[in-house]
Amino acid sequence: MVKRTTGPEIERLIQLLAKLPGLGPRSARRAALHLIKNRERLLHPLMVAMEDAHDKVTVCSLCGNVDTIDPCTLCTDPRRDRSVICVVEDVGDLWALERANAWNGLYHVLGGTLSAIEGIRPEDLSIGQLIERAADEQVQEIVLAVNATIEGQTTAHYIIERLKGLNVATSRLAHGVPVGGELDYLDEGTITQAMKARRPF
Ligand code: ZN
């Protein structure tokens with residue numbers, strides 16, 4: 001018999017918080033207690049924000065970014081350079097590039113990487129849509145900002161093969177992205193440097 005120290009509602013809150021990345025059971029308990037103690041100032045606004053996000057979040061049908069409008073804020077921004085597309089694995093990588101102010105073109109979120117072990121095939125990612133976008137004559141360069149993991153590089157090579165024959169330049173981020181390093185973990189200066197010094201694939 002498990003000893004109970006709190007009601008099931010609070011237990012449930014702790015259990016859900018513990019599922020968040022970076023939060024173990026211990027920090028989840030601390031977070032829950034902090035929320036409960038700051039019921040009006042924090043718990044209630046968080047609840048409203050979560051409900052809002054839940055109701056309004058959508059995936060951009062052009063680039064795969066998450067936003068509350070489709071096409072997304074980035075795709076519809078007239079100040080962005082529409083001749084260059086930066087390919088990333090995940091929305092977290094896009095956010096990292098945006099945070100660093102490293103990119104003023106468009107994006108394409110693949111939704112993962114090819115992986116024989118996990119059975120992730122090209123058709124499971126948005127590669128087909130990327131090839132379609134690259135075929136637009138307005139597009140002049142595709143920057144592959146995939147992670148320096150084996151899966152990331154395999155995916156990059158596959159995309160390069162598929163892009164052959166299209167009138168579009170391809171490049172990849174320069175050194176500075178550590179092997180196995182995910183963009184999201186890099187500091188902003190490193191990301192900006194890696195983008196500025198990008199080189200032909
Ligand atoms: Zn978009």
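This short talk covers one helix pair and the largest pocket.

First, the ground rules. The model is predicted, so local features need pLDDT of at least 70 and side-chain atom pairs count only at pLDDT 80 or more, while totals for chains, interfaces and linings use all residues. Residues are numbered from 1 along each chain as its sequence is written, and side-chain values use heavy atoms, without hydrogens and water.

The helix pair. Helix α5 spans residues 127–134 and helix α6 spans 150–163; helices are DSSP runs of H or I, at least four residues, numbered from the N terminus. They pack at about 40°, axes 10 Å apart. Axes are lines fitted to C-alpha atoms over the stretch in contact, and angles run from 0 to 180 degrees between N-to-C directions. The pair is therefore oblique, meaning not under 35, not over 145 and not 65 to 115 degrees.

Who makes the contact (heavy atoms within 4.5 Å)? From α5: Ile 127, Gly 128, Leu 130, Ile 131 and Ala 134. From α6: Tyr 158, Ile 159, Arg 162 and Leu 163.

Now the largest pocket. Its space is about 270 Å³, counted as the space filled by probe spheres set on the grid points, which are joined across faces, edges and corners. A pocket is an open set of points on a 1 Å grid over the protein atoms alone, where a 1.4 Å probe fits, with protein on both sides within 12 Å along at least five of seven lines; lining residues have an atom within 4 Å of a point. Among the lining residues are Leu 13, Leu 35 and Met 50. α3 gives the most, four residues.

Note on methods
Helices (H or I, at least four residues) and strands (E, at least two) are DSSP runs, numbered from the N terminus. Contact means heavy atoms within 4.5 Å.
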